[in-house]
2 protein chains.
Amino acid sequence: MEYRISDRMAALKPSAIREILKNTANPNVIPFAAGNPSPDAFPVKEISKISSIVLENSAVAALQYSVSEGYAPLRTAVDNFCEAQEPGLKDNDLDDTLIVTGGQQGIDLTAKCLLNEGDIVICEDPSFIGALNTFRSYNVKLMGVPLESDGISIEGVEAILKEYPRTKLIYLIPNFQNPGGCTMSLAKRKAVYELAKKYGAIILEDNPYGALRYENEHIPAIKTLDTTGNVVYCASFSKIISPGFRVGYLVARKELMQKLVVAKQCSDVHTPMLTQMISQQFLSTCNIDAHISSMIRLYRTKRDLMCSMIDTYFGDKITYVRPEGGLFVWCTMPCGSDMIGFVKAALEKNVAVVPGNAFCADPSAQSFSFRMNFSTPTATQITDGMEILGDVLKNFVK
Amino acid sequence: MEYRISDRMAALKPSAIREILKNTANPNVIPFAAGNPSPDAFPVKEISKISSIVLENSAVAALQYSVSEGYAPLRTAVDNFCEAQEPGLKDNDLDDTLIVTGGQQGIDLTAKCLLNEGDIVICEDPSFIGALNTFRSYNVKLMGVPLESDGISIEGVEAILKEYPRTKLIYLIPNFQNPGGCTMSLAKRKAVYELAKKYGAIILEDNPYGALRYENEHIPAIKTLDTTGNVVYCASFSKIISPGFRVGYLVARKELMQKLVVAKQCSDVHTPMLTQMISQQFLSTCNIDAHISSMIRLYRTKRDLMCSMIDTYFGDKITYVRPEGGLFVWCTMPCGSDMIGFVKAALEKNVAVVPGNAFCADPSAQSFSFRMNFSTPTATQITDGMEILGDVLKNFVK
């Protein structure tokens, strides 16, 4: 049997990171490649208690089919959480909230509802591989625009929009970008929104790490600037409650949301009820602010440790972005260095990092960067792993 | 903002059933329209106990990210369950098992990996609206083939394959078809498999109700006949453990499975871990056979009651299929009757049934049928509801 795979899926390969992660299931490998929250940050006791209460009081609702829009009390809890995090984000008269099976599904449904094969999607270059692969799975043309220290190049976005004024989607991770670590300035948020408005494009604003800011002032989400319906906002509880729960949400205009809900029906009918109900109870009965504050303390310490180890062991051999939040540090070797050789040699020494080209809009593009995560490894793993990396690096820096 | 919706989603409407169900959230409405398992059938105590154990012993695994293929012990438990239900279904050397977020996602991923826009999909007519809408969401051409009392018309399938030899997919629900209630004979299973083999088409065999047989002998799944990789098998635990959990599975050849796993990554990364782990523990530590037997006793009684009430209140005014298993009875009014008028009048009397045209490959086709579910309503609701329907029916039968 020779399978006739659809055009959209024919060329698509598994995520390079997920393949690397499979090889690093080995507990001896120091996990700088992952994007996992620290197990220490999981609210295990609270979840366990809430789960018992949900199954004691509302078992039938937790086990039965439900509506595609999501568990109504969770949608309300999400709205309250959003309003606290990003005041004015949702226009209650015009916008709706949809519960999705993790932020990944929010990206997938948005792509499915908007993109025809061959359509153009603008993205930061580098960007989140999970989103890039989803766009690729609709056989669109990905146009990467360089990421600068204060966010995507506005000139770069405008140049593409001028050349391709029918561009449908601009995908952005404004806060603590994955993998780049940088945060988009308010000026650029306003500028890219104005461009989207001018060209009738949709901004898909992905904000998985927004709550995890370790320093400096909060910058409002692009969606809070949106008076025209040009922004779809996507976020999740993966980084602050549990990624295994797969509970995320989309906020978008009602007209578009109708289609997103139909796509959701076709995709998985609804997000599992038990994890929706536990998330709702957690948001409503636990002190989410205190929980996030304790995560921030934990991750800030780890970020500081990793950055200080970079200074110690990499010295001036690489440049890196010190992130104001999120989970990742983006390191760049001098032009012409053998980055791939470095990543392979590091893995042989049991330290896993992700090669930068995995995140490129054009994965065959040359990259001298690599991504490191500081939330998953322990402090000891960070100090040990960075010493090893510093040693390995010497042989691969040009 | 005028949204430019993708071609594939532009014309797609929400599932008529899910819209009807929203209107019937009213507890005074007798729910013959649903497809929900009976709340009485949920193993609430066991799930509650298992959930505590999982969160006590394996909280980090339940809350953390995992692999797209699914929780490994659940995949093993699924294989064992399949082997007990459908001996020989999986060829361990050639096939793989993927955990999906409900059977709906199994259908979605199969469609996404195989179908280009404009491709032809053959389906039973009528068929499961959730699957039909998923196919429509890839902008394919649905070709309905009449459903006969022993399954899809083989001549009908062959005629389409002859005319369109590049047909990619044949979607079938061989057991206790939704909505038709009938079961495909072994002879037809063999015949349709031979046709798929001859034309290089894939059969997507959807078996959500297979375990719920109330009488007569088990007929092996088409996948058990498959020596060539022409069959993708899709099933779930929605009807025997919990639909709210959204835990289903696909069994397919490894070559195709590679693509399905990539599509799964792009869709929701992985199915939520907590419900995967609870399902695994339920399958491994509870007596699933005894649980299914008790569901069969419960549903057989309800089916018998509904059929006897049909005989009492509908008399010879309609014909119906007495299902050997599953959840649905398919009733057909005489040609020329006002079926839509009947469904609306019934809803005004607080009895909800689903109009047959919702299940047609061409939803603008005329239908004189309607679908009734017997698993959700109580015995009292069945007797009361059928009396009301019998009364309403008189005004609409030609």
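**Entry 1: polar contacts across the interface**

I began with the polar contacts between chain B and chain A, and the count came to 49 residue pairs, both residues of each pair being at pLDDT 80 or more. I note here that the model is a predicted one, and I read every value below with that in mind.

I then looked up which elements of chain B supply the side that touches chain A, and found that helices H1 (7-10), H2 (16-23), H3 (44-57), H4 (59-63), H6 (103-114), H7 (129-136), H10 (254-268) and H11 (273-285) of chain B each give at least two residues to it. The largest share of that side comes from H10(B), which provides 9 residues. Sorted by class, the side of chain B that touches chain A holds 39 nonpolar, 30 polar and 19 charged residues.

**Entry 2: extent of the contact**

Turning to the contact as a whole, I found 88 residues of chain B in contact with 88 residues of chain A. The area buried between the two chains is about 7,300 Å², and carbon and sulfur atoms give 56% of that area. Within chain B, the residues that lose the most area to chain A are Tyr3(B), Arg4(B) and Leu63(B), which together make up 12% of what that side buries.

**Entry 3: salt bridges at the interface**

I next asked how many salt bridges the rule finds across the interface of chain B and chain A, and the result was 2. For a named pair I looked up Asp108(A) and Lys112(B), whose side chains meet in a salt bridge with an N to O distance of 3.5 Å. Over all chains, a search of the whole structure gives 32 salt bridges.

**Entry 4: how the two copies are related**

I checked the superposition of the chains: a turn of 180° with a shift of 0.0 Å along the axis lays chain B on chain A with an RMSD of 0.0 Å. The two copies are therefore related as by a two-fold rotation axis. Which residue of chain B comes closest to the rotation axis? I found that this is Ser52(B), whose C-alpha lies at 3.4 Å from the axis.

I also compared the interface residues of the two chains, and since 100% of those of chain B are interface residues in chain A as well, the copies meet through the same surface.

**Entry 5: the sheet in chain A**

In chain A I traced an open sheet of 8 strands in the order S2-S9-S8-S7-S6-S3-S4-S5, with mixed pairing. Its edge strands are S2 (95-100) and S5 (151-152) of chain A, each of which pairs on one side only.

I followed the edge strand S2(A) to its partner, strand S9 (residues 248-253) of chain A, and found the two paired in the antiparallel sense over 6 bridges. In this pairing Ile99(A) stands opposite Tyr249(A) in S9(A). I also looked up Arg253(A), which forms a salt bridge with Asp95(A), the closest N and O atoms being 2.7 Å apart. This pair links distant parts of the chain, with Arg253(A) in strand S9 of chain A and Asp95(A) in strand S2 of chain A, 158 residues apart.

**Entry 6: the sheet in chain B**

For chain B I recorded an open sheet of 8 strands, mixed in its pairing and ordered S2-S9-S8-S7-S6-S3-S4-S5. Strands S2 (95-100) and S5 (151-152) of chain B are the edge strands, each pairing on one side only.

Here I looked at strand S3 (residues 120-125) of chain B, which runs parallel to strand S6 (residues 169-172) of chain B and is joined to S6(B) by 3 bridges. Cys123(B) stands opposite Tyr171(B) in S6(B).

Terms used: Residues are numbered from 1 along each chain as its sequence is written. Chains are lettered from A and ligands numbered from 1 in the order in which they are written. This is a predicted model: local features need pLDDT of at least 70, side-chain atom pairs count only at pLDDT 80 or more; totals for chains, interfaces and linings use all residues. Side-chain values use heavy atoms; hydrogens and water are left out. Contact means heavy atoms within 4.5 Å. Buried area is the accessible area (1.4 Å probe) that two parts lose on being put together, summed over both. A salt bridge is a side-chain nitrogen of Lys or Arg within 4 Å of a carboxyl oxygen of Asp or Glu. A polar contact is a pair of N or O atoms within 3.5 Å; within protein, one must be able to donate a hydrogen and the other to accept it, and residues adjacent in sequence count only if both atoms are side-chain atoms. Helices (H or I, at least four residues) and strands (E, at least two) are DSSP runs, numbered from the N terminus. Ala, Val, Leu, Ile, Met, Phe, Trp, Tyr, Cys and Pro count as nonpolar, Asp, Glu, Lys and Arg as charged, and the others, Gly among them, as polar. Copies are superposed by least squares on the C-alpha atoms of residues with pLDDT of at least 70 in both. Two strands pair if DSSP finds at least two bridges between them.
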